[in-house]
Amino acid sequence: MRKLLLLILLLLMPSSLYCAEVTKVSVTGNPNISGEYILNVVDTKPGRELSRDVILTDLEAIYNQGYFSFVDVNLDEEEDGVTVTYVVQENPVIESINFTGNTLYTSEQLMTEVFSQEGTVFNRQFFRNDLDRIQEKYHKDGYVMVRVSDVQIQGGNIYVTILEPRVHDILIQGNTKTKAYVIRRELKINEGDIFNVTKFRHDLGKLQGLGYFEDVNVGFDVPEGQDDIVDLILTVKEKRTASVGVNVGYGTESGLSGGLTYGDTNMFGRGMHFEVGFNEGDEASYWATFSSPYMDMKTFAWRVGARYSHYDDRYYYRKGRRQFNFDEKSLTFFGGLGKKFINDDWSWFLTLRHEDVEYSNIRYALPGYIDDLTKWDGVNQTVELQVMWDKRDEYAPYPKGFVWDVNIEQAVEALGGDYNYTKYWTQARFYIALNKVLEGFADIGGTWSEENPLLLAARLRIGSASDKDLPSFARYSLGGMNSLRGYDSRSFEGANMYMGNFELRVPVASAVSIVGFYDIGNADDKMDWDNSHDDYGLGVRVKTPFGNLRVDYAKGEDENRTYFGFGEMF
């Protein structure tokens, strides 16, 4: 409308003026804004022929500077030409900027995004950019539904209304087996919270990671006439959670082994885990476990289980030297309970364990062998407390961050056991993506993505005990595919232990990685830092429907070892 009125006024002016030469160009009505600044955007100049189109463009350009509520032009005819005077009306000087409706950020925090200042002439363009930056601040932090709903200018006072939509209701549909509370407890967003898309996307990732659903979708509904609230509609498509698994393993020492497992990760639709299985080979085992792994500050996690194992023709080592071969049988029952502390990072878990161990059939003994194994037959009753600080990113598609745990195990004769001792150990695991570290030093191209990066993984463990004369089954032991890969299982044993495992996991395809590793450590009756044992080697990881296939080839001090199995070492 304003542009149309200006055009009409220009059309009503005498046409003779538009053949005249411009003798002077000036501006009036601008007590605060420099005339030079205003005239800098006009194309009408002294010495040029006056043009209706150019005048119209000039008026638009001055108005678009943002400082003026009204712009007009006066044309005065003179003997030698025409004088052009642009008439402006400035916006008010800003006296205050006031925010309402903002609860996530204080007005002072929002003002850090505002370039317009008190005591300056209000500029529409600048303030529009200010409002854009405010919305961008919200959106960058995940509050994508927040917007500036209204701006009122009363004299020099500016009133900005922020609309922060809150979650009104969360509707869950599509679940026929899984209980709604099992889904709901994975969502950190609650009714009444301001909607945050980043956190909610993470919640959806957690739901997908449970393995209960083929698909998880979300819809949004804003009730009519209530733009300050939003309903979330979560639709899930369930899948089978019961499965039969095949276990296959190979070790240079233990040989080939294999077995079957049957399990369900969502028993009764309550997120409980059940598994029963067996492995056959030189090292055979049979087990059953039942657990509810979810925990928070109100909900306890728990697990119970039993395991029977027998190991035929096992090697017994003392101080790293093989002494003889023997057979071992063990029967274990356990039960535990745990919970989160004051936040999601800290948790505790208490486990009661009954273990009955039998050693027999000593053979192939070396001359002068020492038997400090078979005297430890018997029953062991223990109480173990674990406290964990877990800072891994639960939403990342690969291990990211670190986790640290502290453990204390007390054997108690009063509970029917044959032994009394205390063990304590701590462990830290680190997972560091190296993609950004290598930027500028190596051309990573598309080889390592954010979802599948070059990864440095490390595990550090140290432990001790109250008594160096521990039962054999309670000693710290190192050696084998899950500790020092270049040595036989239980090559080093004792009441003290330290170990470090370091892996560089290098993706070479979407489902294949090459792993370079180095292991170092020792277990002995004293903490002998000068008597470390180490190994190094290469491994291959292949993602399969049965899990992560793992092959490791390690070179130790005396021999090389090859291991085949599933899952990562840590």
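This passage describes a three-stranded sheet, one serine and a pocket in a predicted model. Local features are restricted to pLDDT of at least 70 and side-chain atom pairs to pLDDT 80 or more, whereas totals for chains, interfaces and linings use all residues. Residues are numbered from 1 along each chain as its sequence is written, and side-chain values use heavy atoms, with hydrogens and water left out.

An open sheet of 3 strands has the order β1-β3-β2 with mixed pairing (strands are DSSP E runs of at least two residues and helices H or I runs of at least four, numbered from the N terminus; paired strands share at least two DSSP bridges). The edges are β1 (22-28) and β2 (68-78), each with a single partner strand, so one side of each has no neighbour in the sheet. From one strand to the next the twist averages 15° (angles run from 0 to 180 degrees between N-to-C directions, and axes are lines fitted to C-alpha atoms, for helices over the stretch in contact). Helix α3 (residues 52-63) packs on this sheet and touches β2 and β3 (contact means heavy atoms within 4.5 Å); the direction of α3 makes about 150° with that of β2. Strands β1 and β3 (residues 81-90) run parallel and are joined by 6 bridges, and Val25 has Val84 in β3 as its bridge partner.

Ser309 belongs to strand β14 and is buried, with a relative accessible area of 19% (buried means under 20%, exposed over 50%, partly exposed in between, for a 1.4 Å probe and protein chains only). Beyond its neighbours within four places in sequence, Ser309 contacts Ala284, Ser285, Glu328, Lys329 and Ser330.

Notes: On a 1 Å grid over the protein atoms alone, a cavity is a set of points where a 1.4 Å probe fits but cannot get out, and a pocket is an open set with protein on both sides within 12 Å along at least five of seven lines; lining residues have an atom within 4 Å of a point. Grid points are joined across faces, edges and corners, and a volume is the space filled by probe spheres set on the points.
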